[in-house]
Amino acid sequence: EISLGLVGSEMCIRDRNGVIVGIDIQDKITQAAIWDEQTEMVIHVTGPENEAAFLNPFEMPGWEQSGNIEAACEFIASIIECASKCAQGRKAGLICITIADYEIKKLNFISEVMKRLQFNSEQWSVISHEESFAFYAYSQKKGLYSAGVMLLDYSNDNIASYICMKSNLNGCDVIMENRYFSDAIQYDEEKDSYSNLCVNQHEITEWLKGLLSRYNVSSVFLTGSRFEMEKFPDEFTRFLCHSRKVFAGQNLYVKGAVLGACTKVKQILPPDTILACKNRITTGIEMDICERGNDMRLKIVRPGTNWYSVKKQLFFIIDDVRYINFYLRPVDTNKEYIEKIDISSLPFREGKMTRIEMDVDFMSDEECHVLIKDKGFGDIVKSSGKII
């Protein structure tokens, strides 16, 4: 049996009175929006010259390079200033940024930008486009997501399809995601988007027929620069609109980012729902502790949490312990798994004078890092410097 005494955890600081801002950073442009508490609606933010989107100061990819940090800080600051003006001068309180390529270099770059702009870690978050879509789709009327929802994103040479379904697993509702891509499309840069879609509509429609024969979805959302057109080709439209609601627009992700920021202060997803799409951790992690003589399970990570947001620093006083058990429970099974961490190399000191620091973070939604350090015991016992 393992007895661990919890000494401390992180502090939570949040400005609840500031405006809630969403920012969608795309390849060439960035969009922003805010949450209007009075109407409970998302309001689009325009630029200084009343333009609908902000032109990025440098081309993607490569925007996360360290040499671009000053330009990025100035750019994001100008967007936040426009959002503040849109909110009658209120300062930004919570900010959620969404990006398409959710990888560590870009995430760390954004983190450095927000740090330089003096926003604390509780005021901002960064999520993927898949998460933004889920927040947007499941904040709508229940009839639009009751069976499931599909997103078609035609931004590049392929069409990305995200299908979100809500299932009851282990007594709770879990939003699961399936991802598919269609790359059998010929795109002519000299033609407009409508002409290109006309040429490819049969191949795209046949691909969608195969997908939707496996899933029953209530609604379909279209986004991406290559879906930006006044009307859609007939065959493509007839198939999509058969027994389904279909919506097209270019501000879906930024609206989802606003709603993602709102989750810190209000209920956005349906109650008792776990978001288990890409870039969300789908396995809960717990460990045994003994606090004030009471044995209990400490939740290290809750399922449905964005992996990049998990950065925990915990301190414990331990008894003569050789292993720490981490209990892992995936949301889609009833089985609990145990991962053992051997800490026998840490020096044990009698009299409850063995103090450790445990740092927990993630490199992806599938890879968890745990770092355990011997901290000594204040001025009485120096640390051995041992790290596991």
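## Loops, helices and enclosed spaces in a predicted model

Ser243 is found in the loop that runs between α5 (234-240) and β12 (245-248). In this predicted model, Ser243 has a phi near 65°, a positive value in a residue other than glycine. How accessible is Ser243? Its relative accessible area is 67%, and because exposed means over 50%, Ser243 counts as exposed. A second loop offers a similar case for the reader to inspect. Gln88 lies between α1 and β6, and its phi, near 55°, is again positive in a residue other than glycine. With a relative accessibility of 72%, Gln88 also counts as exposed.

Stepping back to the whole chain, the protein has six helices and 22 strands. Its C-alpha atoms fill a box of roughly 80 × 45 × 40 Å along the principal axes. Of the 388 residues in the protein, 47% are buried. Among contacts with a separation of 6 or more, 69% join residues 24 or more positions apart.

Helix α2 (104-116) makes a good starting point for a closer look. Its 13 residues should span 18 Å at 1.5 Å a residue, and the C-alpha atoms at its two ends are indeed 18 Å apart, so expectation and model agree. Which residues of α2 are buried? They are Lys106, Leu107, Phe109, Ile110, Val113 and Met114. These residues cover an arc of only 160° around the axis, and therefore lie on the same side of α2. On the other side of the helix, Lys105 and Lys115 are exposed. Two lysines of α2 are thus found exposed on that other side, whereas Lys106 belongs to the buried set. The cover over the buried residues of α2 includes α1, β6 (92-99) and β7 (124-128).

Helix α3 (residues 129-137) is mostly covered, with nine of its nine residues buried. The buried residues are His129, Glu130, Glu131, Ser132, Phe133, Ala134, Phe135, Tyr136 and Ala137. Histidine and glutamate are therefore represented in this buried list, under the 20% limit that defines the term, alongside aromatic residues such as Phe133, Phe135 and Tyr136.

The enclosed spaces come next. The model contains two cavities of 30 Å³ or more. The largest cavity holds about 110 Å³ of space and is lined by 14 residues. Those nearest its centre are Ile25, Trp63, Ala72, Phe75 and Ile76. The elements that each give two or more residues to this lining are α1 (69-86) and α2 (104-116). What is the make-up of the lining by class? There are 12 nonpolar and two polar residues, and no charged ones. Helix α2 thus appears here as a contributor to the lining of the largest cavity, while α1 is also part of what covers the buried residues of α2.

The second largest cavity contains about 30 Å³ of space. Its lining is made up of Ile318, Asp319, Asp320, Val321, Arg322, Ile343, Leu346, Pro347, Phe348 and Thr354. By class, this lining divides into six nonpolar residues, one polar residue and three charged residues. Asp319, Asp320 and Arg322 are among the residues that line this cavity, whereas the lining of the largest cavity has no charged residues.

Open space is represented by the second largest pocket, with a volume of about 950 Å³. This pocket is lined by 33 residues, of which Gln26, Asp27, Ala100, Ser155 and Asn156 lie nearest its centre. Two or more lining residues come from each of β2 (19-25), β3 (29-36), α3, β9 (159-169) and β10 (172-182). The lining comprises 12 nonpolar, 11 polar and 10 charged residues. Helix α3, with nine of its nine residues buried, is one of the elements that contribute to this pocket.

A final point of interest is Cys368, which lies in strand β22 (residues 367-374). Cys368 counts as partly exposed, at 33% relative accessibility. Beyond residues up to four places away in sequence, Cys368 touches Ile285, Val360, Asp361 and Phe362. Cys368 and Val310 are 58 residues apart in sequence, and their C-alpha atoms are 9.6 Å apart in space.

Conventions. Residues are numbered from 1 along each chain as its sequence is written. This is a predicted model: local features need pLDDT of at least 70, side-chain atom pairs count only at pLDDT 80 or more; totals for chains, interfaces and linings use all residues. Side-chain values use heavy atoms; hydrogens and water are left out. On a 1 Å grid over the protein atoms alone, a cavity is a set of points where a 1.4 Å probe fits but cannot get out, and a pocket is an open set with protein on both sides within 12 Å along at least five of seven lines; lining residues have an atom within 4 Å of a point. Grid points are joined across faces, edges and corners, and a volume is the space filled by probe spheres set on the points. Helices (H or I, at least four residues) and strands (E, at least two) are DSSP runs, numbered from the N terminus. Ala, Val, Leu, Ile, Met, Phe, Trp, Tyr, Cys and Pro count as nonpolar, Asp, Glu, Lys and Arg as charged, and the others, Gly among them, as polar. The expected span of a helix is 1.5 Å times one less than its number of residues. Buried means under 20% relative accessible area, exposed over 50%, partly exposed in between (1.4 Å probe, protein chains only). The arc is that of the directions from the helix axis to the C-beta atoms. Contact means heavy atoms within 4.5 Å.
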